[in-house]
Amino acid sequence: MRIEAITLRKLRVRLKSPFETSFGITHDRVVLLVELLADGVTGWSEVTAMEGPFFNAETSGTAWFILRDFLIPLVLGKQISSAGDIPQFFSAIRGHEMARAGIENAVWHVESQQKKMPLAQLLGGTRAEINCGVSIGLQTSPEVLLEKVAVELRAGYQRIKIKIKPGKDLEYVRAVRKANPDILLSVDANSAYTLADAAHLQRFDEFNLLMMEQPLWWDDIATHAKLQRKIKTPICLDESIRHARDAETAIELGAAKIINIKLGRVGGHSSAREIQALCLAANIPVWCGGMLETGVGRIHNIAMSSLPGFSLPGDVSASKRYWEEDLIDPPVEVTSNGTIRVPTNPGLGYHVRHELVERLTVEKETWRVR
Ligand code: OSB
Ligand code: MG
């Protein structure tokens, strides 16, 4: 196929309610969408970088800049045989995984339509439905959190993950565990602690957690291995896994017993598959993380989650948890068993709502061949 045109859009979309993590509160999600035309077929993807560099180093602004000045010129007008070729075109670029994923994932969407296959199947997915959990932001009190947890459990979600930070941790987790002795429960610190907190983090051992996600520095692997030797709760790495080599290092060092794969954070479907294959061979369970994506990113996450080895419920939830109106039709829905059916029709299996996308667009630029 030949890449003929790429349109980048910046949207500002209001979340149904603000989402608070240890690194800040998100009210509006600034969303970058990639619309890529190849051989007359349009592919869509979402760049998952956030507005500020507080989760990882990328932002929607840096992604726009890197896409415009470096990534798009490397692929525009190029003839490629498969979406899996894209990482080679970007081999000279250091970092900026979320920006790269924006191009690669859109090309996967094109390829799945050309081949008249569901994207999940093209990627090697084997599951008919995926298991879903939810991520619940920091709350004002354990009582408020308990109510949120109850709502999600009633909806059928299979795993509850709660955000923690110093001062909003043990008490909150204790309350949730006491009210729900048997649920799959995990915590996510988004790098809010240091190794000096090891004794404190050890106290979470009593809650029988499925995992503790990224307790230490966003870019650290080695110190997580030191912490893992001091606590029983399995550590799951999120922020600090950027590619398969990071996953390999983490597994070798004993820094992660579980890995969260985020399609954007690792640079796209090819890299995600490498990490999935590596973890499957090493017997490390993986699951699909979320970045408060709109439907466009969410449906790529569903396809990825259908791969073997995604044995734990992911942070892939219904559109209506975050959005009044999602950018896709139909919206993503979750069954009462806490699963999402993997689409069986060609492509992503959902329709992008072009008019709604246009209405929410605050910036737009198109690059065409010639
Ligand atoms: O660390 O998993 C995270 C949201 C934004 C940035 C980082 C994270 C999250 C979430 C929400 O936990 C996951 C989702 O439901 O999209
Ligand atoms: Mg996380």
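## Two sheets and an enclosed ligand

Strand S2 (residues 24-38) and S3 run antiparallel and are joined by seven bridges. One matched pair along this border is Ala-38, which stands opposite Val-41 in S3. The model is predicted.

S2 also pairs with strand S1. Strand S1 (residues 3-21) and S2 are antiparallel, with 14 bridges between them. Leu-11 faces Val-31 of S2 across this border. The two strands form a hairpin, and two residues lie between them.

S1 has a further partner. S1 and S15 pair in the antiparallel sense, over seven bridges. Here Leu-11 stands opposite Thr-361 in S15. Leu-11 therefore has a partner in each neighbouring strand: Val-31 in S2 and Thr-361 in S15.These pairings belong to an open sheet of four strands in the order S3-S2-S1-S15, and the pairing is antiparallel. Which strands stand at the edges? They are strand S3 (41-47) and strand S15 (361-368); each has a single partner strand, so one side of each is left without a neighbour in the sheet. From one strand to the next, the twist averages 20°.

### The parallel sheet

A second open sheet holds seven strands in the order S5-S6-S7-S8-S9-S10-S11, with parallel pairing. Its edge strands are strand S5 (134-136) and strand S11 (286-288), and each of them pairs on one side only. Neighbouring strands here are turned by 25° against each other on average, direction ignored.

At the S5 edge, three bridges join S5 to strand S6 (residues 159-163), and the two run parallel. Ile-136 has Ile-162 in S6 as its bridge partner. In a regular strand, side chains alternate between the two faces of the sheet.

### The ligand site

Where does ligand 1 sit? Ligand 1 occupies the largest cavity. It is surrounded by 17 residues, and the closest are Ser-135, Lys-163, Asn-190, Leu-292 and Tyr-322. Ser-135 falls within the residue range of S5 (134-136), and Lys-163 within that of S6 (159-163).

Three contacts to oxygen atoms of the ligand are set out below.

| Residue | Protein atom | Partner | Distance |
|---|---|---|---|
| Lys-163 | polar side-chain atom | oxygen atom of ligand 1 | 2.9 Å |
| Leu-292 | backbone N or O atom | oxygen atom of ligand 1 | 2.8 Å |
| Tyr-322 | side-chain N or O atom | oxygen atom of ligand 1 | 2.6 Å |

Taken alone, ligand 1 exposes 390 Å², and the protein buries 100% of that.

### Backbone exceptions

Most residues other than glycine have a negative phi, and most peptide bonds are trans. Two places in this model depart from that.

Asn-190 is one of the residues closest to ligand 1. Its phi is near 40°, a positive value in a residue other than glycine. Asn-190 is found in the loop between strand S7 (184-188) and helix H7 (198-202). S7 is a member of the seven-stranded parallel sheet.

Which residues does the cis peptide bond join? Asp-329 and Pro-330 are linked by it, with omega about -10°. Pro-330 is found in the loop between strand S12 (328-329) and strand S13 (339-341). Asp-329 falls within the residue range of S12.

Terms used. Residues numbered from 1 in each chain as written. Chains lettered and ligands numbered in written order. Predicted model: local features only at pLDDT ≥ 70, side-chain atom pairs only at ≥ 80, totals over all residues. Heavy atoms only, no water. Pairing = 2+ DSSP bridges. Axes fitted to C-alpha atoms, helices over the stretch in contact; angles between N-to-C directions. Near = heavy atom within 4 Å. Polar contact = N/O pair within 3.5 Å; in protein donor to acceptor, adjacent residues only side chain to side chain. Areas by Shrake-Rupley, 256 points an atom, 1.4 Å probe, with all protein chains shown as cover. 1 Å grid on protein atoms, 1.4 Å probe; cavity = no way out; pocket = protein on both sides within 12 Å on 5 of 7 lines; lining within 4 Å. Sits in = over half its atoms within 2 Å of the grid points.
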